[in-house]
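User: I have a structure to study and would like to go through it in questions. Can we keep the answers short?

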Amino acid sequence: MKIVKYLFAAALLPGLAACHKKGLQYDASGVFEVTEVIVSAQGTGEILQFDILEGDQLLAGQQVGLIDTLQLYLNKMQLQANKGSVQSRKTTPSTQIAAIRQQIETQKTERTRYENLLALNAGNQKQVDDINAQIDLLEKELAAQIENVNSSNSSLNEEGLSIEAQIELLDDQINKSIITSPVSGTVLTKYAEQGELATQGKALFKIADVGTMYLRAYITASQLTAITIGQNVQVYSDMGESGSREYPGRITWISDKAEFTPKTIQTRDERANLVYAVKIEVQNDGYIKKGMYGEVQFQRDVN
């Protein structure tokens, strides 16, 4: 008989514990939500590869697909050929003005010879003056040739820089044709399939870090003065007939504007019309799902 009594008492304990949980006085209630990121296409073309399924776990920066880049690649090849053509049209001043420099040196040699003859009274001053005039003319022509060459090369340099900028733009577009996950998390929804046409801005998939959930709860004005950002609280997720699960939480945001109580939310003071939204961060163990109801206690009962 004693053994039967002990077994009967042990069977009652879980029920009593569940009743205790159900008897908790919650300070606020709300719905669990998660920060979602909708990843959109940054390139235009056929989706050649898109290897994800809803529920997949992705890492930040992980490649999950590819948009056709053939046209971009061909345009890049054409620009690189144009860049090579521009480089080949560049000239160095030495090849353009070598002949003029040679003429100047020849005239200077002739001037020296006539100056020597003039010193020996075997020549005349007019011949020396004519050579000096010819040297001045050649030096002006040389300066003009150098300026023309530099101007031409400067124009070609600018053309080359413009082509390089276009190549870099194509490289950026090619890189953006690689579909990657911007954050680590779980794929919630897939909006496109391999073989479809992607355009810039088209939604491809939705991802969220479900490891960190947020309970958006609503509090009354009287409760507002009793909580602070960063405060640790107790959160309870509603598991239906299974009762609730308890999690440590931390207040990360408090609204500074009042709003009317949402119809699906109950506050501790049912007469309250205006409430304030708060967000409470909770680390998910896999049981909390987006859209589930939850409650929060700002202070544990000492009892």
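**A loop serine**

Analyst: S255 lies in the loop between strand 12 (244–254) and strand 13 (259–260). The model is predicted.

User: Is S255 buried, partly exposed or exposed?

Analyst: The relative accessibility of S255 is 9%. Buried means under 20%. S255 therefore counts as buried.

User: Which backbone oxygen does the side chain of S255 reach?

Analyst: The loop residue S255 uses its side chain for this contact. The distance is 3.0 Å. The backbone oxygen belongs to K257.

User: Which residues does S255 touch, leaving out those up to four places away in sequence?

Analyst: Contact means heavy atoms within 4.5 Å. With those sequence neighbours left out, S255 touches Y276 and A277.

**Strands and their partners**

User: How many bridges join strand 10 and strand 14?

Analyst: Strand 10 covers residues 212–219, and strand 14 covers residues 274–283. The two pair in the antiparallel sense. One bridge partner of the pairing is V278 in strand 14, matched with A217. The number of bridges between strand 10 and strand 14 is eight.

User: Which residue in strand 10 stands opposite F32?

Analyst: Strand 1 (residues 28–33) runs antiparallel to strand 10. Four bridges join them. The residue opposite F32 is L215.

User: How many of the eight residues of strand 10 are buried?

Analyst: Strand 10 pairs with strand 14 and is joined to strand 1. Strand 10 is mostly covered. Its buried residues number seven.

User: Which strands are the edges of the open sheet with the order 6-5-3-8?

Analyst: This sheet has four strands with antiparallel pairing. An edge strand here pairs on one side only. The edges are strand 6 (178–180) and strand 8 (197–198).

User: What is the bridge partner of L66 in strand 6?

Analyst: Strand 5 (residues 63–67) and strand 6 run antiparallel. Three bridges join them. In strand 6, the partner of L66 is I178.

**Charged pairs**

User: How far apart in the chain are E33 and K279?

Analyst: Side chains of opposite charge can pair when their charged atoms come close. E33 forms a salt bridge with K279, with the closest N and O atoms 4.0 Å apart. E33 is in strand 1 and K279 in strand 14, so the pair links distant parts of the chain. Their separation is 246 residues.

User: K190 and E193 form a salt bridge. Which accessibility class does each residue fall in?

Analyst: The closest N and O atoms of K190 and E193 are 3.3 Å apart. Under 20% counts as buried, over 50% as exposed, and in between as partly exposed. At 17%, K190 is buried. At 39%, E193 is partly exposed.

User: Which residues share partners with R216 in one salt-bridge network?

Analyst: The side chains of E196 and K202 also meet in a salt bridge, at 3.3 Å from N to O. The network with R216 is joined by salt bridges that share partners. Its other members are E33 and K279.

User: How many salt bridges does a search of the whole structure find?

Analyst: Among them are E33 with K279 and K190 with E193. The search of the whole structure finds 13.

**A surface patch**

User: What accessible area do L70, Y73, L74 and M77 have together?

Analyst: These residues form a nonpolar patch on the surface. Y73 is found in helix 2 (residues 70–88). Y73 is partly exposed, at 43% relative accessible area. Together the four have about 360 Å².

Technical notes:
Residues are numbered from 1 along each chain as its sequence is written. This is a predicted model: local features need pLDDT of at least 70, side-chain atom pairs count only at pLDDT 80 or more; totals for chains, interfaces and linings use all residues. Side-chain values use heavy atoms; hydrogens and water are left out. Patches are made of residues with over 30% relative accessible area and no salt bridge: like charges are joined within 9 Å, nonpolar side chains (Val, Leu, Ile, Met, Phe, Trp, Tyr) within 5 Å. Accessible areas come from the Shrake-Rupley method with a 1.4 Å probe; for residues, only the protein chains shown count as cover. Buried means under 20% relative accessible area, exposed over 50%, partly exposed in between (1.4 Å probe, protein chains only). Two strands pair if DSSP finds at least two bridges between them. A polar contact is a pair of N or O atoms within 3.5 Å; within protein, one must be able to donate a hydrogen and the other to accept it, and residues adjacent in sequence count only if both atoms are side-chain atoms.
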